[in-house]
Structures are given as C-alpha cells and as structure tokens.
Amino acid sequence: MRRPARLLTLLALPALLVLAWWAVSGGSFYLPSPDRVGRAFVETWFSERLVVDVLPSVGRLLAGYAMAALLGVGLGVPIGLSPRLRATLEPVLEFFRAVPPPVLVPLIMLLAGIDTFMKVLVIVSGCVWPILLNTVEGVRALDEVLSDTCRMYGVRGPSRLRRFVLRGASPQIMTGLRQALSIGIILMVISEMFASSSGLGFTIVLFQRQFQITEMWSGILLLGLIGLGLSVLFRRLERRVLSWYYGSGAARA
Amino acid sequence: MTGALKRGWYGLAGLGGLLALTEAVPRLGLVDERFLPPATRILGTLAAQLATPELWIALGETLRGWALGLALAFCAAVVTGVVIGVVPGLRALTSSTVEFLRPIPSVALVPLATLLFGPSLGSTLLLVVYASFWQVLIQVLYGVAAVDSVAADTARAYGLSVWSRVRHLVWPTALPYVMTGLRLAAAVAFILAVTAELVIGSPGLGAEIQVAQSSGAIPAVYALIVLSGLVGIGVNAAVRLLERRVLAWHPSVRSEVAA
Amino acid sequence: MLEISALRKVYEGPGRRVEAIRSITFDVGAGELVCVVGPSGCGKTTLLRCVAGLLPASAGEVRVDGVPVTGPPPRMAVVFQEYGRSLFPWMTVRQNVELPLKEKKVPAGRRRELVTGSLEAVGLGDVSDAHPWQLSGGMQQRVAIARAVAYEPQVLLMDEPFAAVDAQTRADLEDLILRLWRDLGVTTLFVTHDIDEAVYLGQRVVVLSASPTVVMEDLKVDLPPERDQLTTRSLPRFGELRGHVYRQIQRARDQR
C-alpha cells in the first residue's frame, strides 16, 4: 500500500470515533467534549502533578516490576531445572497464581502500612507469579538435544545459564513478563486508590469524588497513554530479545 | 502413570510443607500472630465463614459478575472479530484503534464505573467486560487470519455463501484460538470482578475482604484470600475442561499465541 | 583409542525394567572410521549416549585413550541426528561453532582460525553470520559438523547424522565426512540405520542385534580406501558386503 493510503486507513477510524465523541458529548455532564478533555489534560498533568503524582507512581511500578522480574526469574530457573523441586512446588505456585492479585492490597496494607514500600510490595507480590511460573515452564521445556550439546562441549556453570538456559527459556519468560506488566499497572492504580494521599490512582479517584468530570476523563486518558506507552516499549524490547525466535518461525504471531 | 502418581505425592508434600510452615512460623513467634495467623486458624476461620449464608451470597455475586461479564465480552468479541476478519479491508481499518484501546488498563475505568453505576453489579460488569473483551478479540483475529488462504479460495470458488463460509471454514479454524481467548479472558475477568468489588464496593468476595480488612479481622482476610485462590483455581479448571471438551475433535494441538 | 567392553544398559523405571543393551564389546583403533548398524529400535542411540558419557552404563565400561568414561570426555565431539535442535537458534553460525572453543579457553586468534577453517572446510564460509534457521537442513547439519571439527576432538561420534536429509544432500554429506576424516585422521564412530551408508563409509561395520542388543558381527570392509559414490557403490564387492550385512540384520529382526 502507498504511504498516504496507509496513513488514511490508520487514521480513518480513530478520527471517526473522535468525531462521534464530539457529537455525543454536547451538553452531557458525564461525557465532556474531546477538546475540553484535551485542555484539561494539558492543564492537569503538565503541572507539578507530573512530579508529585505521576512520576512517583510510574517509578514505583517500574521498581516493583523489576524486583518481581529478578525474583521470578531467579527462583524460576532453579525450580525449572530440578524435576523434584518442580513437582513439590508446582501446586503451591499454581495456588498463588490463582489468587487474584488485587486481594493482596488490603492484606499488605495491614501488614506493611501505607507507604511507598507497601505499594512496591503489592506490585512485586502480584507480578512475581506469572513471571515465576512461565520461567519454570520455559526452563522445563528446554531442548534436550541442546542440553546434551552443552554437556558434550563443556558448556557449564554460568556460561550454560547465560547462553543456554536463559536464552532458551526467554520466549516463555517474556510471556510471563508481558502478563505481569498488565497486572502491575492494575496494582499500581488500585494500591493508590485504596489508601494513599498521592499518586495517579489517588488523584483520579479524587477528581471523581469531587465531580471534576473533565479532569477525571483526562486522568483516564493519561492512564490509557501510560498503558499504551509501556506496552509499546515492551513490544520493542520483546522484538529485540526474541528476534531469533520470531525469525525461526517458532512463534506464530 | 506411576510417574504422575509420584509427582502427585511430591505436590501434596509441597502443599503440606506450606501449611506446616504457616502453622509453625507464627507459633514459634518468628512472625507476630497478629500479622500471620497459624494455618489452622486461617482454615478454621474459613470453615466458620463457609457456614454462614453471607459468604455464599458474596461468592455467588462474584461468580455472577464474572460469568455475566465474561459471557457478554465473549459474544461481543467473537462477533466483532469474525466481522472484522470476514469483511475485506476492515482489519486494516480497525487495527490502529484496536492497538490503541487494548493496552488501556481497565482499572482506568474505575472512576467512570463508580460515577455511572456506584457500588453495584454494573460497575463489576463494566470492568470485566472491558478487560476480557480484548483478550478474546485478539485471539479471534489471530484465528480468523489463520484460515488457510487456499481453503478460503476453494470455498469462494465453489460459491459458498458468506454465512456458510463463516460456519464451515472460519469458525472451525478459529475455534482453538477462540477457546484460548476464552481461557485467558476467564482469568482476567475473575481478577477484575474482585477488583471492582474491592475498590468500588460492589457486592462480592472483594467487598467482604475490604470489610474484614477495615475491621482489622486479619484471620478473616487471610481466609478470604485463600478462598479467592481456590475459586481462581476452580475457574481455571472449569474453563480448561470446557476447552478440552469443545476441542476434543480438533486435530490441532495448539500452543498459546503471543498476544 | 575407543574401547567398549561388556557394555550393558538397563532402563529402570518405576515398576518395570527394560534391558536395552545386553552386552556390547568392540574397539575403534586410533584414526579408524567404524560404522554401527542395526535394526531400528536396537539401542543404537543408547549405545552412543553411553559412549559419549551422556548416559551412565549399567555395567561394563567405555575407555577413551585408556581413560574410563564417566561423563562427557573432554576431547570428544558429537554430531546429533536432530540437526535443527542441536544448534542454538539465538546464535549465528559462527557463534555456534565458536562457543565450545570459548568454553575450552582457546585464545581469540586461534579461535578465529579454527572457526573460519572449519566453516570453509564444510563449504559454509560465506554464511557464517546467518542464523541456523535461515539455512536448509543439510546446511544446518554441516554447521554441526563444522562445530565438531573446530573442537579438534580425539574421537568423533555421529548419531544417524543424515537420517533426516534428502538423498542428494546425504550423498554430499557422506563424501564430506570421508574427506574430513581423511584430512584430520580423527577416530570416528558413525551410527546409522542405513546399510549402504555403513558399508560405503566404514573401514569396519559393527552389526548389532535387536534389543536386548549384542554384537552380531564385526565386519571388515575390504573395499579400496579411496571411495566414490559412483564407482565404489557399483563394485561387486560392495554389493556382496551390503547383501551380507542385510542378511544379518534380517536375521536379527527375525530373532526378536
């Protein structure tokens, strides 16, 4: 397809949707028009709120997510490598994964109080399970022939871990990381909605309680953009890490 | 067979170990009992709770929100996905919108749900439907795209109508993907159902946990968390069973598509 | 160089025992190329894995240069049948060949020399920066062979390396193996289910029985050392040897 035509197909529907929004929003209290939301977006978020509320929220998310990734992969590799350990721990881990992560928020709040540490802990405790279980699965399913190849050619220890185990399990690890990212965003928001005096989730709920509808919509928009941005970043990382995987046709998508 | 049996024993040992640990740690005073009640007390509280009708009502509310939301999202996503897949050009036209809306975290809709529905089933449904819709839609789109182009040409050459093309070609091919989508969506829907109850206060397990937490009834909080985990396992198992039933005839053993 | 004596392998599962190998004894002299053939399911791969030290034997022993094998010996290389699965898909061809040398702590200059040399020897000098999955099956197996060659092994084991490639590629690869073996003088144990291939390549052919496996015959291949797909295979002696091995294997199968 030629470039202008392509651009048109990309933008046609979004443009239509915004127009429809405009048409519907006239005079509605709950649904302010897009231009008002846009203006409120700039006024609300390009202010000190960016530094006080938004960046700390995202920072906590990233910190918790990174810790969960380290923990999940770090524990998942030994569990995946040992059949006995795996058989012992799998039901326990499956149980922890089945617990909907948001229910941990009130518990951890009781245990750890209401501070940054608690919010990061909530994110870690929710994100770690999909990463852990997918790492276990990826390490378990490592190719036996490659494993024999490593043994034959004296690839062992840290080198085996780095060049074979982690690389071989990386498609599953990335799947786990992707699932964990969306859980992390959920937990970031609700840990702040629940008990906090700052942060993105808190601010948006505050707007809603004070019936600042336009600002509330701008907050929803911001959350959407953060979700979109993180997922775009993640996809880039994934393409990089897994280029061999997509190239080899092992992946379907 | 014997191997599976042995694994089962190991698994039981693991669960037993977890219980023993949660029993011993507070009993030995390593952690304050107020923060981590011993396993027996948690399970005792759970048993006592299960004897009350309130808990069953709450559980029913949660499952109702889950099932209703999942069903709505599923139907909407399947219809949307098949239409997008079958009508030429529609896929290219919608892709940017789908890619934009999909990553929006559904908790962003919490304030809107509160505003529109307050603490009621409506709030739960809004969050559940939004979150699970995309999970199914993406898989349906993969599935429709997987319809072999040769088979599609054959169908067209023999003059099959759009309807029979969907019924005999598109749907059977996409079915494994649809079921994968349903499985992923079921888990997400459960998380969001509980979230809505927890944050907005719609009736259900989440609200019960919230109440227990604000009254400082820590054993009850633990008991309800254990229960939610058990329900989560049940939900996953049910959907897996359904998936296996539906796909019993299907030749393809499909792995999950990266979504 | 390679001595296999009274090797026995019994798989012990919960509630059942399978005797895969009853007793196998034979030697491979330094610089010799010996082929092992047997009916399908006769434990050829089990034998090879025991020799490679990837699988502990139940009884008997394997010695390489007089040293008993307890794990993969340091100067032994293997080419597996599953070419697609024995190469690291996230590494380029060059990295695949280089990896064992890095582990052996071969200095960088010498490493480059070995990698380039072995890739050229198998005719892949120009695809060294490709990834294995971008190559055809035959080329992938060449990479695995190059990796084994670059490792400078004392003993080279090959486990039905050409079972999964097409006939033309197979003939090319057979000649490649003969050429490399002649150039390097490496002791080679070549496992195959293909009788023609065994007679064509081997200086000796060891015929195995059906499982539980014993050695049925240790046959010297008295064909001229210079071999060629066309002339060697049309020699009357080639036909005789092939017929002989074929009858042996037929007999092994019937005994089961």
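# Exercises on a predicted three-chain model

Between domain 1 of chain C and domain 2 of chain C about 1,000 Å² is buried, 68% of it from carbon and sulfur atoms; buried area is the accessible area (1.4 Å probe) that two parts lose on being put together, summed over both. The model is predicted: local features need pLDDT of at least 70 and side-chain atom pairs count only at pLDDT 80 or more, while totals for chains, interfaces and linings use all residues. Residues are numbered from 1 along each chain as its sequence is written, chains are lettered from A in the order in which they are written, and side-chain values use heavy atoms, with hydrogens and water left out.

## Exercise 1

Describe the interface of domain 1 of chain C and domain 2 of chain C.

Step 1. Set the bounds. Domain 1 of chain C is 2-75 + 154-255 and domain 2 is 82-152, with bounds that come from an automatic or database domain assignment. Their centres, taken over C-alpha atoms, are separated by 24 Å.

Step 2. Take the contact, meaning heavy atoms within 4.5 Å. It joins 17 residues of domain 1 of chain C to 12 residues of domain 2 of chain C.

Step 3. Find the main contributors. L173(C), L176(C) and L180(C) supply 32% of the area that domain 1 of chain C buries against domain 2 of chain C, more than any other three residues.

Step 4. Count the polar terms. There are 0 salt bridges between the two domains, a salt bridge being a side-chain nitrogen of Lys or Arg within 4 Å of a carboxyl oxygen of Asp or Glu. The rule finds 4 residue pairs in polar contact (both at pLDDT 80 or more). A polar contact is a pair of N or O atoms within 3.5 Å; within protein, one must be able to donate a hydrogen and the other to accept it, and residues adjacent in sequence count only if both atoms are side-chain atoms.

Step 5. Assign elements on the domain 1 side. β7 (155-159) and α6 (167-184) of chain C each give two or more residues, and α6(C) gives the most, with 8 residues. Helices (H or I, at least four residues) and strands (E, at least two) are DSSP runs, numbered from the N terminus.

Step 6. Sort that side by class: 12 nonpolar, 2 polar and 3 charged residues.

## Exercise 2

Where does L7(C) lie, and is L7(C) buried or exposed?

Step 1. L7(C) belongs to strand β1 (residues 2-13) of chain C.

Step 2. With a relative accessible area of 0%, L7(C) is buried (under 20% relative accessible area, against over 50% for exposed and partly exposed in between; 1.4 Å probe, protein chains only).

Step 3. Leaving out residues up to four places away in sequence, the residues that L7(C) touches include I21(C), I24(C), L47(C), C50(C) and V62(C).

## Exercise 3

Describe the contact between chain A and chain C.

Step 1. Chain A gives 22 residues and chain C gives 26 residues. The area buried is about 2,200 Å², of which carbon and sulfur atoms give 66%. M152(A), Y153(A) and R163(A) lose the most area to chain C in chain A, together 37% of what that side buries.

Step 2. The two chains share 3 salt bridges. One of them pairs R163(A) with E103(C), the closest N and O atoms being 3.0 Å apart.

Step 3. There are 8 residue pairs in polar contact between chain A and chain C. On the chain A side, α7 (144-152), α8 (157-194) and α11 (243-247) give two or more residues, and the largest share, 8 residues, comes from α7(A).

## Exercise 4

Describe the contact between chain B and chain A, then explain why helix α9 of chain A counts as largely enclosed.

Step 1. The contact takes 57 residues from chain B and 50 residues from chain A, burying about 4,700 Å², with 79% from carbon and sulfur atoms.

Step 2. The count is 1 salt bridge: E99(B) with R235(A), whose closest N and O atoms are 3.2 Å apart. Residue pairs in polar contact number 4.

Step 3. Helix α9 (residues 200-209) of chain A is largely enclosed by the rest of the structure because 7 of its 10 residues are buried. Among them are L200(A), I204(A), V205(A) and F207(A).

Step 4. The cover over these buried residues includes α2 (34-45), α3 (48-81), α8 and α10 (213-241) of chain A, together with α5 (110-117) of chain B.

Step 5. Just after α9(A), F211(A) takes a positive phi of about 55°.

How values were computed: Nonpolar A, V, L, I, M, F, W, Y, C, P; charged D, E, K, R; others polar.
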